[in-house]
Amino acid sequence: MLFNSYLFLFGFLPPVLVGCWALRQKNLRLAFLTLSSWFFYAWWDWRFLPLMLSTTMVDYVAALALQHTDDERRRRLLLIGSLSINLSLLGYFKYAGFFVGSLNGIGRALGAPVDLPDLHILLPIGISFYTFNSMSYTIDVFRRRVTPTKHLLEYTTFVALFPHLIAGPIVRFTDLAEQLRRPRPSLTSKAASVGLFFLACGLTKKLLIADQLNPYVDRLFAHSGDLGFLTSWAAAFGYSLQLYFDFSGYSDMAVGLAWLIGFRFPQNFNSPFKAQNISDFWRRWHMSLSAWFRDYLFIPLGGSRRGPARTTINLVLTMFLAGLWHGAAWTFVVWGLFHGVLLGTHGLLRKLGLTPSSVFFNRAVTFLFVVAAFVIFRAPDLGTAGTILSSMLGFGGLDHAGALHTFLPARFLILLGALLVFVHAAPNTWQIRARPRIVYGLATGTAAAIAIMTIASPHPFIYFQF
Amino acid sequence: MATIRKSVESLATPGILRRRTGAEAEKLERPLEPGVASVQAIGYGRFALATVGACLALLVATLLMNVLVDPFAIAGTGLLPTAVEADRTVKLDLIRKLERSPDIVILGSSRARQGEPSFLTQLTGETAFNAAVTGGTAADAWVTARYVNDRFPRKPHHYIWFVDAGIATKGINPQLAEDPRGKRYLAGKGVSFTLADVGTYIGPQASLASWRVLKKCLLHSCKARLRYLPDGAIARPTLRYLPEHAASLQNSISRLVDAVRAHPPRKPNTNPARYRFFERTLAFMNAHGIRPVIVLNPIHPKVLAVLRKHGFAQRRASLAYLHALHRRYDFVVVDGEDISRWGGSPQQFTNATHINRRNMRRLLRYVVAHSDGALR
């Protein structure tokens, strides 16, 4: 079920809101939210619901067991067991096909008689997100930063809560623990307003911006071999903006829906294209994922405490895995490594005091590197990415008039120009501090209605595939 | 550097910041409360009501307008002419007005409308009528075959039935369901306004179509766009490829190719209920001694290449289905999908999915030559 579907907005959400606030008793409300969220998940494919329930139960039991023992060896074994199960499931469903395909490819290249059968495994939606949610809980309990909950419904609601279930933000138990322990007694007008405002912003970003860019961008990437200098940059800018408005739109909807059912989710995007360096970009883009990799991978690897060389290796390794998290394809791996190298280089330059002081220059350079990297992220294969990147460097020559006419219609160019100005100048959804006036309410409702009208042929969110 | 760091921190969102504790200081702050929630003011209730009210009012108003105008003839209000061609009633009226029975009847969708009965007469010496209609389905074929048979009983007819890879299974068109002759043969199996139609009539396509209908009726007239000759042929067709159409044809092909690449057609639903009217029509024709010629509609070579690259499961499934049907029904299949088979020209398309009259003549010549005597 997509957030941007009539079924969700008019079929699922209203009864869930009514049920949620009608049930004032904590256990009933949490049970209702858990069941609603499972139903929301099962609507896509009920066969994968047991998989999510298994992950939930494994971490719930592991966390309680961790709490009940002080034997460090036993605690470590429990953690390893829990992580192994989580990562094995993730590995099988998300990466097994990729590794088999890669092994076959390597085998063929080396002339070895390796021909493992292709695995056609359906990727359970949201598996990367709920697995990371769940793993962070066990690790935090192991680190004694979180007291595990004995209340099963609190935990099932934390893992399954439908606003974050399939595409984040990746919430930590610490984010929701208190909210689960003491659910809000009623929906205040302020919470409803904030929720509706975020939901409307998200719908507008997704349906009126990202989905409008989609056909132009798809077309440019489908004709990668025909792109010249201008059209290749248009493809890169177009996709970067599409991805940003798609995913930040989804995150806004998730935050808005959370407010409407009495929860608060942390910010996931903070105007990432305003970043002044690549580290700053990762503090603003998909913040919940960046924080996860920093807290559970980069810092345990030694972080930046063991000298510049080790820091660079840690960064590259972390970003390699962050890239792989996005998908089982070499394009994601290379995208992650590229960011790892950028982060490492930036760290070194900063240590040597060689970073420029001009804010404008820093922002422009960071933006261009990020946009170029998104070409690798979007391209169906590395060959296509290489073709577009070389065109962006001018090796494809200038575009002829026919290509400009075909690939860059005036509507696309106007949209692109306006959005580039917007992402660099306008405040993001979290920074808006408007007073709750009726006229703003009318404008918000009108924007939401116009967005809803375009739902007739919905596009899934880009991050659903991860 | 300190200045830069300060300016970055100053860009951080206002609101309540949640700082973590731990070995390393938390650099990444993720607030839980957005700026809009930190405004201390009264009037949140009115804001929420205005938001929900404006949203619902606009959606309901749009739905009401589109139901009243009914551009796609879904609701059956019938106050204004539809945005899509109202050719079902026109064609049935033309059949009613025919003075003598046509020997050959052309069935199909808008892709078959370019077929000239007079050209068929030149090829075969038989009289003909083009009964193809916009978005024609098997239900249209069923109603037409029944109506022709009732209008001219005991007269032998031949049928050339153009179908796409989906075998004309897209249900019953509301126009047909509303027409008294359609109602008669469909035995009450009409259409009703469903929840999916609500979605369609909230959407921008319906609103734009309503706008076009209203504009046309207010500024010009409410008459239909296409005119038909007594034999069902289009009165002023695009006879040949015009150079000024080149860009639009190329754009149309590119759009379709992109769409196929983005969403390759899947294997069609093999639910037997989908093929009910198709099989019923074949059974009816066979029962009256008719051996129809089923023609697979031509596909532009560029589109066909992309479809083939993606396996074209729809075509394989359709051919397998037709092959299986041969055990029960008698009909001839002429595969016109690949235009090189019948000497078609890739330029002689009016858009990515419709051939023009010149290509249609080539195709008809091929169909007559490969009809295995079914048209004589």
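**Reading an interface and a helix pair**

Modeller: Chain B and chain A bury about 5100 Å² between them, with 64% of it on carbon and sulfur atoms. This is a predicted model, where local features need pLDDT of at least 70 and side-chain atom pairs count only at pLDDT 80 or more, while totals for chains, interfaces and linings use all residues. Residues are numbered from 1 along each chain as its sequence is written.

Biologist: How should I read the area that chain B and chain A bury?

Modeller: The size of an interface is often given as the accessible area lost when the parts come together. Here that loss uses a 1.4 Å probe and is summed over both parts. In contact (heavy atoms within 4.5 Å) are 54 residues of chain B and 65 residues of chain A.

Biologist: Which helix supplies the largest share of the side of chain B that touches chain A?

Modeller: Helices are DSSP runs (H or I, at least four residues), numbered from the N terminus. The largest share, 13 residues, comes from α2(B).

Biologist: And how do α3(A) and α4(A) lie relative to each other?

Modeller: Angles run from 0 to 180 degrees between N-to-C directions, with axes fitted to C-alpha atoms over the stretch in contact. Helix α3 (residues 49-67) and helix α4 (residues 72-110) of chain A pack at about 170°, their axes 9 Å apart. They are therefore roughly antiparallel, a term for angles over 145 degrees. Among the residues meeting there are Leu51(A) and Val58(A) in α3(A), and Leu78(A) and Phe93(A) in α4(A).

Terms used:
Chains are lettered from A and ligands numbered from 1 in the order in which they are written. Side-chain values use heavy atoms; hydrogens and water are left out. Helices (H or I, at least four residues) and strands (E, at least two) are DSSP runs, numbered from the N terminus. Angles under 35 degrees count as roughly parallel, over 145 as roughly antiparallel, 65 to 115 as roughly perpendicular and the rest as oblique. Buried area is the accessible area (1.4 Å probe) that two parts lose on being put together, summed over both.
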